[in-house]
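Colleague: Please put the model up. I have some short questions about its side chains.

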Amino acid sequence: MVVREGERQSVNQVLDALHDAAARAEEARYFALFAPEAVFLGTDATERWSVEEFRAYARPIFSQGRGWMYRVERRFVGFGPEGRTAWFDESLTNAKLGACRGS
């Protein structure tokens, strides 16, 4: 399967929007970017939350106008054989945590 550059750009736009919404503490926009069955893997190895569990955690932070900012250093986007599924991994930098990863 050949992935067109536009498909890769679409995935990058969603991921960039996710980082932007988190940095601006925009809860509705942030969580609208998650699939209902998504799982959030946090920076701590023990963090594995459903979307609703993660929203319950993030809501008090976002409601105070605080968010979190990660700068993307490197991103890889791959696609399944039919091009309908994409996955990604990122090398990130956070002012408090330093080097992190996202997937």
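Modeller: A nonpolar core is a set of buried Ala, Val, Leu, Ile, Met, Phe, Trp, Tyr and Cys residues joined through side-chain atoms within 4.5 Å. Buried means under 20% relative accessible area, exposed over 50%, partly exposed in between (1.4 Å probe, protein chains only). This is a predicted model: local features need pLDDT of at least 70, side-chain atom pairs need 80 or more, and totals for chains, interfaces and linings use all residues. Residues are numbered from 1 along each chain as its sequence is written, and side-chain values use heavy atoms, without hydrogens and water.

Colleague: Which helix gives the most to the largest nonpolar core?

Modeller: That core has 17 residues, and Phe 54 and Phe 62 are among those with the most contacts inside it. H1, H2 (27-32) and H3 (51-63) each supply at least two of its residues. Helices are DSSP runs of H or I, at least four residues, and strands are runs of E, at least two, numbered from the N terminus. With five residues, the top contributor is H3.

Colleague: Is His 19 buried or exposed?

Modeller: His 19 sits in helix H1 (residues 5-23). Its relative accessibility is 19%, so His 19 counts as buried.

Colleague: With which side chain does the side chain of His 19 make a polar contact?

Modeller: A polar contact is a pair of N or O atoms within 3.5 Å; within protein, one must be able to donate a hydrogen and the other to accept it, and residues adjacent in sequence count only if both atoms are side-chain atoms. At 3.1 Å, the partner of His 19 is Glu 90.
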